[in-house]
Amino acid sequence: PRSPSLGDTSVLAGLYGPAEVKGSKELPDRAALEVLLRPKVGLPGVVERSREQLLRQTCEAVVLGVLHPRTAITLVLQVLSDAGSLLSCCLNAACMGLLDAGLPLSSLFCGVTCALDPNGAIILDPTTRQEQEARAVLTFAIDSTERKVLTATTKGSCSVEEMQQCLAAAQRAADTIFQFYRDSVRRRYSKS
Amino acid sequence: MKATPLSNCERRFLLRAIEERKRLDGRQCYDYRNVRISFGADYGCCIVELGKTRVLAQVSCELVPPKPNRPTEGILFFNLELSPMAAPGFEPGRQSELLVKLNRLIERCLRNSKCIDTESLCVVAGEKVWQIRLDLHLLNHDGNIIDAASIAGIVALCHFRRPDVSVQGEEVTVYTPEERDPVPLSIHHMPICVSFAFFQQGTYLLVDPSEREECVMDGVLVIAMNKHREICTIQSSGGIMLVTDQVLRCSKITAVKVAEITELIQKALENDQKVRKEGGKFGFAESIPNQKITAFKMESAAVDTNNVEEQAEEIITKADPPSEVFAKPILHTPGTAQIGEGIENSWGDLEESEREEAAEEEGESEATAFECQKMETEDTSTMRETKTDEPIVLSDSEEEEVVILEPQELPKKTRTQTNSKQENTSKKAFNKRRKKKRAAH
């Protein structure tokens, strides 16, 4: 399992698959991907369900499911600590989990969160306090091949121009994150 | 996902090895695996690793009204979850026997032993008490979940700090962590579970079984004890029959193990306390990378966002303008609103054919009724013209006898469908029918 931490936000990802799947969930032409997000306190609720669907759709866009038909891939994310930018941390954890498990992927992706404070300044990777005081919080999943947007979700209101600016900033940040992926994978496989 | 079952030759191998006093990982019969405790950034959060078995514990608190039969005691709530990432056989949402057994053990160990002083959790007797909630998540299953979980639970409870509260007469003030330092829970003693696995009808005994050993064991004996050598809970499951001196021997071993583990816990808590006081960095982000060779840390990096605005401008000018937005809703009567004006329906042909059929079957009145409808659908802002003297027949069915005697002005429609008016009237008719039924009852 992989465990990326953004400052104090920590998410642990564990992946099983491609493995046998129960009859009803079986898809005849591709792998059935399931994402489970477990919060630290309490039982999973509606927020977790909606985030699971978001992560699932992002992962399905990159995983080459057609290579493993009639199988199931289960990705479990456990929140270890939450200090802001949780969704993008989950996205990063999911991607590293997929990468470490050796699943065939068409590209990698990374998650970046931007917050727009009341003055209009863009804050990348906001903390919980910055998120609460912000006018809008936007999270993007950016793919690695052409820096295109796989997923975008926003909370709050912002103008179209501001959203485009945040997106451009997120694409810049994605470069740093992908470099980090590359370095950590290189380090992992050079020592073993 | 299905768990892979244990093969017969593996089973035989394990049993033969145990008969020769050998274990797969080279431990002795009474040896524990390495226990490692690490703390998170929040108070009350810790991860305990017993060999490869990992449990995450988090304590949280909330002010709630107390239970009616215990007005001066706080409430404790324990929840152990077997995360699907722990083993391929664990599935979400299924209450397996193992889960129930583990939950009950944790409850008995921590609640019935009265290790936490619940009277001190009372704020206003009969009205507000603290509810302490302990969530345990199993992250990896390599045997002996109960020991790891009990250690994680008690460490998290010792580590937790609840907000400070002051009561002055009728007023209760809850201070935030910034105003006043949070207060630890009052814990009398630390009960810790130790498991013993029995093989070959109680002949061979192993402490801290690993996952493979658990698969082939006959039964397990769990003893929860604190460092004062008081047994808090004892449970034997699996149907093994034990002799008294075996049980006594196990309890002696437990006393030794518990003393060691309690010392370890104290040391870990002190370390964490020291680091926090000195202002050093703490939390999982710090503890996990230092221990694992596969982890990599990157300091926060600045991102160059100088040309962001220009890039964004370009994109916007190239993009299509958004379609027209209807911003203001139109209010007709209280309770109804319409956003935008409906477009002309494109089902005109269908209505024509309906009209023809209706005219053939029912006769003139029907046709006029439909005509009225057609006019209504095309024209959203003018009033409807009805023949108020004629009764309007709603449906073709001969069984229904509902007729609207006084067609009133209906609220303007909010949809662009052809039979919306019919639906409106049928809704009214339905209400009439319902009223009739109610009158009958």
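What follows is a chat between a colleague and a modeller about a predicted model.

Colleague: Let's start with the cysteines. How many disulfides are there over all chains?

Modeller: A disulfide needs two cysteine sulfur atoms within 2.5 Å. A:Cys89 misses that, since its nearest cysteine sulfur, in A:Cys90, is 6.3 Å away. B:Cys158 is in no disulfide either, with the sulfur of B:Cys115 as the nearest, 8.3 Å away. Over all chains, the count is zero.

Colleague: Is A:Cys89 buried or exposed?

Modeller: The cut-off for buried is under 20% relative accessible area. A:Cys89 has a relative accessibility of 1%, so A:Cys89 counts as buried.

Colleague: On to charges. Which residue of chain B forms a salt bridge with A:Arg38?

Modeller: Side chains of opposite charge can pair when their charged atoms come close. Here the pair crosses between chains, running from strand 3 (residues 32-38) of chain A to strand 4 (residues 75-82) of chain B. Both residues are buried. With closest N and O atoms 3.7 Å apart, the partner of A:Arg38 is B:Glu81.

Colleague: And how many salt bridges does the structure hold over all chains?

Modeller: Another of them joins B:Lys22 and B:Glu20, at 3.8 Å from N to O. B:Glu20 is partly exposed, because its relative accessibility is 47%. Over all chains, the total is 23.

Colleague: How many residues apart are B:Arg33 and B:Asp142?

Modeller: Their side chains meet in a salt bridge, 3.6 Å from N to O. B:Arg33 sits in the loop between helix 1 (8-19) and strand 1 (35-39) of chain B, while B:Asp142 is in the loop between strand 6 (128-140) and helix 3 (145-159). So the bridge links distant parts of the chain, and the separation is 109 residues.

Colleague: Which of those two counts as buried?

Modeller: B:Asp142 has a relative accessible area of 23%, so B:Asp142 is partly exposed. The other partner has a relative accessibility of 9%, so the buried one is B:Arg33.

Colleague: Which residues are linked with B:Arg33 in a network of salt bridges?

Modeller: B:Asp142 belongs to the network, and its bridge to B:Arg33 is the 3.6 Å one. Besides B:Arg33, the linked residues are B:Asp25, B:Arg27, B:Asp142 and B:Asp208.

Colleague: Now strand 6 of chain B. How many of its 13 residues are buried?

Modeller: This strand has several partners. Strand 3 (residues 53-64) pairs with strand 6 of chain B in the antiparallel sense over eleven bridges, with B:Gln58 opposite B:Asp135. Strand 4 of chain B runs parallel to strand 6 and is joined by eight bridges, and B:Leu80 has B:Leu136 as its bridge partner. Strand 6 of chain B is mostly covered, and the number of buried residues is ten.

Colleague: Which residue takes a positive phi in the hairpin of strand 5 and strand 6 of chain B?

Modeller: These strands run antiparallel and are joined by two bridges. One bridge partner pair is B:Val124 and B:Lys128. Three residues lie between the strands, and the one with a positive phi, near 85 degrees, is B:Gly126.

Colleague: There's also an open sheet of four strands in chain B. Which strands stand at its edges?

Modeller: The order is 12-11-13-14, with antiparallel pairing. Each edge strand has a single partner strand, so one side is left without a neighbour in the sheet; the edges are strand 12 (204-207) and strand 14 (231-237) of chain B.

Colleague: Which residues of strand 12 of chain B point the other way from B:Tyr204 and B:Leu206?

Modeller: In a regular strand the side chains alternate between the two faces of the sheet. In strand 12 of chain B, B:Leu206 is the bridge partner of B:Ala197. The four side chains named for this strand are buried, and those pointing the other way are B:Leu205 and B:Val207.

Colleague: Chain A has an open sheet of four strands too. What is its average twist?

Modeller: Its order is 6-5-7-8, with antiparallel pairing, and strand 6 (122-124) and strand 8 (149-156) of chain A are the edge strands. Strand 5 (residues 109-116) is joined to strand 6 of chain A by three bridges. From one strand to the next, the twist averages 20 degrees.

Colleague: Last one. Which residues make the nonpolar surface patch of about 260 Å²?

Modeller: One member, A:Val66, lies in the loop between helix 1 (46-62) and strand 4 (72-81) of chain A. The full set is A:Leu64, A:Val66 and A:Leu67.

Definitions and conventions:
Residues are numbered from 1 along each chain as its sequence is written. Chains are lettered from A and ligands numbered from 1 in the order in which they are written. This is a predicted model: local features need pLDDT of at least 70, side-chain atom pairs count only at pLDDT 80 or more; totals for chains, interfaces and linings use all residues. Side-chain values use heavy atoms; hydrogens and water are left out. Patches are made of residues with over 30% relative accessible area and no salt bridge: like charges are joined within 9 Å, nonpolar side chains (Val, Leu, Ile, Met, Phe, Trp, Tyr) within 5 Å. Accessible areas come from the Shrake-Rupley method with a 1.4 Å probe; for residues, only the protein chains shown count as cover. A salt bridge is a side-chain nitrogen of Lys or Arg within 4 Å of a carboxyl oxygen of Asp or Glu. Buried means under 20% relative accessible area, exposed over 50%, partly exposed in between (1.4 Å probe, protein chains only). Two strands pair if DSSP finds at least two bridges between them. Axes are lines fitted to C-alpha atoms, for helices over the stretch in contact, and angles run from 0 to 180 degrees between N-to-C directions.
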